[in-house]
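These notebook entries record what I looked up, one topic at a time.

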Amino acid sequence: MPDRRTEIADAAVAIVAAKGLKGLTHRAVDAQAGLAVGTTSNYFRSRAALVAAAVDHVEARDARLLRGQGMEGLPTTVPELADQLAGAVLALAGEHAELTRARFAFALDRPEVVSAGHERMVSSLERLLQAMGLHDARSRAEAVADYSDGLALHLLTARHGQEMERSTVADNVRRLLEG
């Protein structure tokens, strides 16, 4: 059973995914989570604190999703990493689309609140690529992040409802990683 802060953050993410940042209010979160009016404001006194909690929650869920793509520990080869990243992107555009819609809403309305999390993700990928011995790790990590975000956006919008093979995405990521 999630704790109250997690319940609130989940509800906030659901609201942002469905209605955008304009729909995010303390009362809306209380209603979405089935909580008494005023509960959310007891945990997050300001709207800025509520937004920050929701952004942190999106980042944590993204990280859990990435780790949960069938890999035991960190990948050690480019094909393993490409497959793991492909699975994560397809999951973010599929069963976790709500999470992705919320992340894009935050990024479009408040880019400053997601930039630190994006940098952490790119830096983590960069360190992994360096450990694998790949040169120009930073630009490769940025290219993969850009491709992944772009693909997720297109799968949620222009290509909504179209199936994409995991192997195709993995091949594209592998090409970006290998140069």
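**Entry 1: a first salt bridge.** I noted at the outset that the model is predicted. I looked up Glu119 and found it partly exposed, at 34% relative accessibility. I then searched the whole structure for salt bridges, and eleven were found. In one of them, the side chains of Glu119 and Arg138 meet, with a distance of 2.7 Å from N to O. This pair links distant parts of the chain: Glu119 belongs to helix H7 (residues 111-131) and Arg138 to helix H8 (residues 137-156), and the two are 19 residues apart. Arg138 is likewise recorded as partly exposed, at 25% relative accessibility.

**Entry 2: salt bridges within one helix.** I turned next to Arg174, which takes part in a salt bridge with Asp171 at 4.0 Å, N to O. Both residues lie in helix H9 (residues 166-178); because they are three residues apart there, about one helical turn separates them. I asked which other residue forms a salt bridge with Arg174. It is Glu178, and the closest N and O atoms of that pair are 3.0 Å apart. Glu178 and Arg174 are four residues apart in H9, so about one helical turn separates these two as well. I reminded myself of the general rule: an α-helix has 3.6 residues a turn, so residues three or four places apart point the same way.

I also looked up how accessible these three residues are. Arg174 has a relative accessible area of 25% and is partly exposed. Asp171 is partly exposed at 34%, and Glu178 is partly exposed at 42%. Elsewhere, salt bridges with shared partners join Glu119, Glu126, Arg138 and Glu142 into one network.

**Entry 3: rings and charges.** How many aromatic pairs does the structure hold? My search returned zero. I did find charges placed over rings. Arg5 lies over the face of Phe44, 5.1 Å from the ring centre. The charged end of Arg103 sits over the ring of Phe104, at 5.3 Å from its centre.

**Entry 4: helix H1.** I examined helix H1 (residues 4-19), which has 16 residues. From its first C-alpha to its last, H1 reaches 22 Å, close to the 22 Å expected at 1.5 Å a residue. I listed the buried residues of H1, which include Ile8, Ala11, Ala12, Ile15 and Val16. After H1 comes Gly20, with a positive phi near 80°.

**Entry 5: a positive phi outside glycine.** Most residues other than glycine have a negative phi. I therefore took note of Asp136, which is not a glycine and yet has a positive phi of about 55°. Asp136 is located in the loop between H7 and H8.

**Entry 6: the nonpolar cores.** I looked up the largest nonpolar core and found that it has 26 residues. Which of its members touch the most other members? They are Val16, Leu24, Val29, Leu50, Ala102 and Phe106. Two or more residues each come from H1, helix H4 (47-67), helix H5 (78-93) and helix H6 (97-109). Another core, of 23 residues, lies apart from it and has Ala82, Leu129, Ala141 and Val144 among its members.

I then followed the contacts of Val29, leaving aside residues up to four places away in sequence. Val29 touches Ile8, Ala11, Ala12, Ile15, Leu24, Thr40 and Leu50.

**Entry 7: Thr40.** Since Thr40 appears among the contacts of Val29, I asked whether Thr40 is buried or exposed. Thr40 is buried, because its relative accessible area is 0%, and the cut-off for a buried residue is under 20%. The place of Thr40 is in helix H3 (residues 39-43). Again not counting residues up to four places away in sequence, I found that Thr40 touches Ile8, His26, Val29, Asp30, Leu35 and Leu50.

**Entry 8: Gly150.** My last look-up was Gly150, which lies in helix H8. Its relative accessible area is 26%, so Gly150 counts as partly exposed. I also checked how far Gly150 is from Glu98: the two are 52 residues apart in sequence and 16 Å apart in space, C-alpha to C-alpha.

Technical notes: Residues numbered from 1 in each chain as written. Predicted model: local features only at pLDDT ≥ 70, side-chain atom pairs only at ≥ 80, totals over all residues. Heavy atoms only, no water. Buried < 20%, exposed > 50% of the residue type's maximum accessible area, 1.4 Å probe, protein only. Phe/Tyr/Trp six-rings, centres within 6.5 Å; stacked < 30°, edge-to-face > 60°. Lys NZ or Arg CZ within 6 Å of the ring centre and 35° of its normal. Expected span 1.5 Å × (residues − 1). Core = buried A, V, L, I, M, F, W, Y, C linked by side-chain atoms within 4.5 Å. Contact = heavy atoms within 4.5 Å.
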